[in-house]
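Student: I have a structure open on my screen and would like to understand the terms used for it. Could we go through them together?

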Amino acid sequence: MKTYLVTGAAGFIGANFIKYMLAKYPEIKIVVLDLLTYAGNLGTIAEDIDGERCEFVKGDICDRALTDGLFAKYQFDYVVNFAAESHVDRSIENPQLFLVTNILGTQNLLDSARKAWVTGKTATGYPEWREGVRFHQVSTDEVYGSLGAEGYFHETTPLDPRSPYSASKTSADLFVQAYSETYKMPVSITRCSNNYGPYHFPEKLIPLIIKNILEGKLLPVYGDGTNVRDWLYVEDHCKAIDLVIHKGRAGEVYNVGGHNEKQNIEIVKLTISTIRRLMTEQPEYRQVLKKKEMGADGQISIDWINESLITFVKDRLGHDQRYAIDPTKITNELGWTPETSFETGIVKTIRWYLDNQKWVEDITGGDYMKYYEQMYGNR
Ligand code: NAD
């Protein structure tokens with residue numbers, strides 16, 4: 001039985017990843033390590049933690065005594081490091097937290113893994129590693145900086161982070177690569193574009209827009225809304241990580257992206273029109289609207305759900321214009337391609353939020369509301 005340490009799995013992508021892995025591999029054991037910051041919600045993975053195939057440990061990836069203890073206890077074969085401070089706006093407010101969690105946390109995990117996995121020395125003086133182990137770092141396309149209207153990020157694109165968040169993720173990647181070079185540690189890195197899907201914390205664009213519509217609030221869009229992101233359904237990202245840790249070459253970086261570039265404003269308009277369509281096809285969904293105005297037909301009205309809700313707000317400092325990933329390497333080497341089109345994925349995502357309002361209410365406690373009001377006022 002292979003054992004995985006998955007950090008940050010009470011968050012968005014990590015939670016989707018462990019659900020995917022537990023469903024796909026009956027014979028694995030996963031230990032989740034998560035600090036349960038504002039972004040982590042144990043409720044998201046409560047049904048997965050059965051104490052046998054999946055155990056939960058609340059703790060900090062920076063806590064060396066804890067991580068050493070976990071390696072000693074569980075003899076991990078794989079580490080998949082999702083744990084991070086992940087929101088660019090928050091990194092602009094508090095860069096140091098990003099440095100501590102994203103850089104020192106990753107380096108701490110690398111050291112615990114090194115201590116646990118090195119079995120001796122090779123003839124050339126390099127450490128000898130336990131057979132079959134892998135340290136996987138979940139990274140982002142933001143490490144490459146910003147693109148103009150043309151071109152794509154390749155694995156060879158120079159690193160050019162521009163926000164405190166991307167600077168911290170880049171530094172973590174460089175440490176992972178340094179451990180590969182210096183100690184020959186078996187590592188891999190995936191750099192993925194923007195994810196969307198179930199369990200996404202409602203401070204990020206798509207779930208924020210859904211939440212605000214359901215609450216009858218305005219829809220804040222940065223600048224003129226023309227910033228372009230490359231969107232990937234979260235399960236496709238999970239499949240890519242699964243492939244890379246098991247079949248990808250050690251020491252390599254793989255870019256992951258769906259060739260699905262959209263301007264932020266397009267995403268917002270599409271979310272509005274999709275919610276309207278779903279609520280027209282299935283009027284029972286209108287029950288989740290907080291604003292319950294009755295229409296002439298005796299049904300809860302959705303007439304007010306339209307583009308007039310959009311409000312352009314002061315642009316993010318240093319807002320990157322465009323990200324676009326070239327995933328040719330992972331496609332050619334490992335046969336990965338995105339399986340969920342954006343049209344299908346956005347409907348699945350919106351339906352999930354309509355069906356899981358309890359989850360949204362639980363995760364958006366006091367801390368989040370304070371942060372939201374600080375960023376956008378009480379709209
Ligand atoms: P998230 O913010 O939803 O989740 C992060 C999780 O990490 C939370 O559960 C939080 O409690 C936990 N955490 C934070 N600090 C911790 C610490 N010190 N110790 C232990 N746990 C801690 O993030 P996400 O969107 O799921 O992103 C996961 C990873 O994927 C991040 O590393 C992020 O950089 C990367 N990534 C995200 C995207 C995206 O679109 N969301 C795209 C590419 C890469």
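Tutor: Gladly! Keep in mind that this is a predicted model. Let's begin with a helix pair: the axes of α9 (residues 264–281) and α11 (residues 342–355) come within 10 Å and cross at roughly 65°.

Student: What is the handedness of the crossing of α9 and α11?

Tutor: The crossing is right-handed. A crossing gets that name if the near helix is turned clockwise from the far one by less than a right angle.

Student: Which residues of α9 and α11 meet?

Tutor: From α9 come Leu270, Thr271, Thr274, Ile275 and Leu278, and from α11 Ile346, Val347, Ile350, Arg351 and Leu354. This contact has seven nonpolar residues, two polar and one charged. Arg counts as charged, so Arg351, which belongs to the contact, is the charged one.

Student: Why is Lys2 called partly exposed?

Tutor: Count its surroundings: 13 other C-beta atoms lie within 10 Å of Lys2. Buried needs 20 or more and exposed needs 12 or fewer, so with 13 Lys2 falls in between and is partly exposed. Lys2 sits in strand β1 (residues 2–7), and, leaving aside neighbours within four places in sequence, it is in contact with Ile28, Asp77 and Tyr78.

Student: And what makes Leu36 and His259 stand out in phi?

Tutor: Phi of Leu36 is near 55° and that of His259 is near 50°, both positive values in residues other than glycine. Most residues other than glycine have a negative phi. Leu36 is in the loop between β2 and α2 (42–45), while His259 is in the loop between β12 (252–256) and β13 (261–263).

Student: Why is His259 partly exposed rather than buried?

Tutor: His259 has 16 other C-beta atoms within 10 Å. Buried would take 20 or more, and exposed 12 or fewer, so His259 is partly exposed.

Student: How many residues does the largest nonpolar core have?

Tutor: This core has 84 residues, and Phe17 and Val6 are among those with the most contacts inside it. Helix α7 (residues 205–214) gives the largest share, seven residues.

Student: How do you know what Phe17 is in contact with?

Tutor: The test is C-beta atoms within 7 Å. Leaving aside neighbours within four places in sequence, Phe17 is in contact with Val6, Ala9, Val80, Phe82, Cys238 and Ile241.

Student: Lastly, which residues come nearest to the ligand?

Tutor: Of the 31 residues around the ligand, those are Gly8, Gly11, Ala39, Gly40 and Ala84. The shell divides into 15 nonpolar, 12 polar and four charged residues, and α1 gives the most, with three.

Note on methods:
Residues numbered from 1 in each chain as written. Predicted model: local features only at pLDDT ≥ 70, side-chain atom pairs only at ≥ 80, totals over all residues. Axes fitted to C-alpha atoms, helices over the stretch in contact; angles between N-to-C directions. Helix = DSSP H or I, 4+ residues; strand = E, 2+ residues; numbered from the N terminus. Contact = placed C-beta atoms within 7 Å. Near = placed C-beta within 6 Å. Core = buried A, V, L, I, M, F, W, Y, C linked by C-beta atoms within 7 Å.
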